[in-house]
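Open the model in a viewer and keep the selection tool at hand. The tour moves from the whole chain to single residues.

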Amino acid sequence: MNQTFNLKRFATYLKYDLVSARNNFGLSLLIISLMPLWSLICYEMISIISGHGFSEGNAGLQISSVMVAMIMLVLTAPVKLYGKVTDKKEGSAFLMIPASTFEKFFSMLLISCLILPVVGGVILLGSDALISAIVPGYESPVISNISSAMDYLTDSEIYISPSLLWVGWCQNILTFTLGAIFFKRGKIGKTFLCVMGLGMILVSLMVLIFSSTNISTEQLIEWFGNPTPEKFQQIINLTISIIYIVVFTILLGGIYLRLKTLKH
């Protein structure tokens with residue numbers, strides 16, 4: 001039997017991991033993903049109590065509620081789903097599960113980067129669409145703004161792929177997943193501090209590099225050969241791709257090594 005990956009064994013473990021995820025985070029996922037509905041109910045209650053009667057909702061509030069829900073999912077899901085592996089009792093039980101480190105790692109990626117955003121996104125947009133259907137005169141600001149943003153990105157000279165939204169989600173969720181399985185306590189706060197510290201170091205290095213070379217914007221454009229919008233788009237895409245490759249290599253490597261070296 002392959003000790004690294006066995007399809008039947010992986011399917012069994014993935015099923016177990018999904019059931020565990022539902023038990024540990026299912027209710028929280030539902031509550032957080034229904035944030036647009038909760039925010040509308042609170043807004044309408046305040047409007048009625050203050051004597052303004054039933055309103056058609058607040059577009060800014062609904063958009064903000066979706067953004068807050070996504071941030072809450074990124075922050076809380078990794079700790080709820082996998083944070084217990086650093087606990088002696090739960091971590092020992094995790095190590096005793098008959099599956100390879102790669103299978104546990106791959107299952108973690110599937111749930112964090114694919115299943116969680118799909119389920120959360122469906123509930124988020126579904127609750128917002130439901131509000132549009134039951135509230136007279138209410139047009140979903142979330143769906144309409146996403147549609148407008150996609151039209152703008154498609155029609156603009158410099159095209160930015162909508163898939164970057166998903167890539168951004170993966171980067172954020174994997175960052176906090178690494179923090180959840182690495183730190184024993186204060187997982188979210190310590191991860192924040194590490195990200196902020198690393199960001200400050202990178203910004204300082206960039207400032208030092210550009211200040212020491214004294215390269216002007218005109219010189220930089222000349223160095224790239226006065227690129228056309230299409231060439232400039234290629235340069236941006238290549239730069240973003242290189243950055244993401246480096247970031248994901250660090251995150252995925254860190255998560256796998258942590259699972260590989262986990263001991264209690």
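The stops below are selections to make in order, each with a note on what is there.

**Whole chain**

Begin with everything shown as a cartoon, bearing in mind that this is a predicted model. The secondary structure amounts to 10 helices and zero strands. Followed along the sequence, the pattern reads α-α-α-α-α-α-α-α-α-α. Colour by accessibility next: of the 264 residues in the chain, 31% are buried.

**Helix α2**

Select residues 35-49, which make up helix α2. How far apart are its end C-alpha atoms, and does that distance agree or disagree with the expected span? The distance is 21 Å, and 15 residues at 1.5 Å a residue should also span 21 Å, so the two agree.

Now show the side chains of M35, P36, S39, L40, E44 and S47, which are buried in α2. Turn the view to look down the axis of α2: the buried residues fall within an arc of 160 degrees, so they line one face of the helix. The general background is that an α-helix has 3.6 residues a turn, so residues three or four places apart point the same way. Add I46 and I49, which are exposed on the other side of α2. Then step past the end of the helix to G51, which follows α2 and has a positive phi, near 90 degrees.

**Aromatic pairs around F10**

How many aromatic pairs does a search of the whole structure find? It finds 11. Select F5 and F10 to see one of them: the rings are tilted, with 40 degrees between the planes and 5.3 Å centre to centre. F5 sits in the segment before α1. Its relative accessible area of 28% lies between the 20% and 50% cut-offs, so F5 is partly exposed. F10 has a relative accessible area of 7%, under the 20% limit, and is therefore buried.

Keep F10 selected and add F106. This pair is stacked, with 5.2 Å centre to centre and 25 degrees between the planes. The two rings come from distant parts of the chain: F10 belongs to helix α1 (residues 7-33) and F106 to helix α5 (residues 101-134), 96 residues apart. F106 counts as partly exposed because its relative accessible area is 30%. Extend the selection to F102, F105 and Y256, which ring pairs link with F5, F10 and F106 into a cluster.

**The salt bridge between α5 and α1**

Which residue forms a salt bridge with E103? Select R9: the closest N and O atoms of the two residues are 2.8 Å apart. A search of the whole structure finds one salt bridge. It links distant parts of the chain, with E103 in helix α5 and R9 in helix α1, 94 residues apart. Are E103 and R9 buried or exposed? Both are buried. Before leaving, draw a distance from E103 to F5: their C-alpha atoms are separated by 6.2 Å, although the residues are 98 apart along the chain.

**The nonpolar patch and F210**

Switch to a surface view and select L198, I201, L202, L205, M206, L208, I209 and F210. These residues form a nonpolar patch on the surface, and together they have about 810 Å² of accessible area. Pick out F210, which is found in helix α8 (residues 187-213). Its relative accessibility is 45%, so F210 counts as partly exposed.

**V247 and T175**

For the last stop, select V247 in helix α10 (residues 229-261). At 23% relative accessibility, V247 counts as partly exposed. Add T175 and draw the distance between the C-alpha atoms: V247 and T175 are separated by 9.5 Å there and are 72 residues apart along the chain.

Terms used:
Residues are numbered from 1 along each chain as its sequence is written. This is a predicted model: local features need pLDDT of at least 70, side-chain atom pairs count only at pLDDT 80 or more; totals for chains, interfaces and linings use all residues. Side-chain values use heavy atoms; hydrogens and water are left out. Patches are made of residues with over 30% relative accessible area and no salt bridge: like charges are joined within 9 Å, nonpolar side chains (Val, Leu, Ile, Met, Phe, Trp, Tyr) within 5 Å. Accessible areas come from the Shrake-Rupley method with a 1.4 Å probe; for residues, only the protein chains shown count as cover. A salt bridge is a side-chain nitrogen of Lys or Arg within 4 Å of a carboxyl oxygen of Asp or Glu. Helices (H or I, at least four residues) and strands (E, at least two) are DSSP runs, numbered from the N terminus. Buried means under 20% relative accessible area, exposed over 50%, partly exposed in between (1.4 Å probe, protein chains only). The expected span of a helix is 1.5 Å times one less than its number of residues. The arc is that of the directions from the helix axis to the C-beta atoms. Rings of Phe, Tyr and Trp (its six-membered ring) pair if their centres lie within 6.5 Å; planes under 30 degrees apart count as stacked, over 60 as edge-to-face and the rest as tilted.
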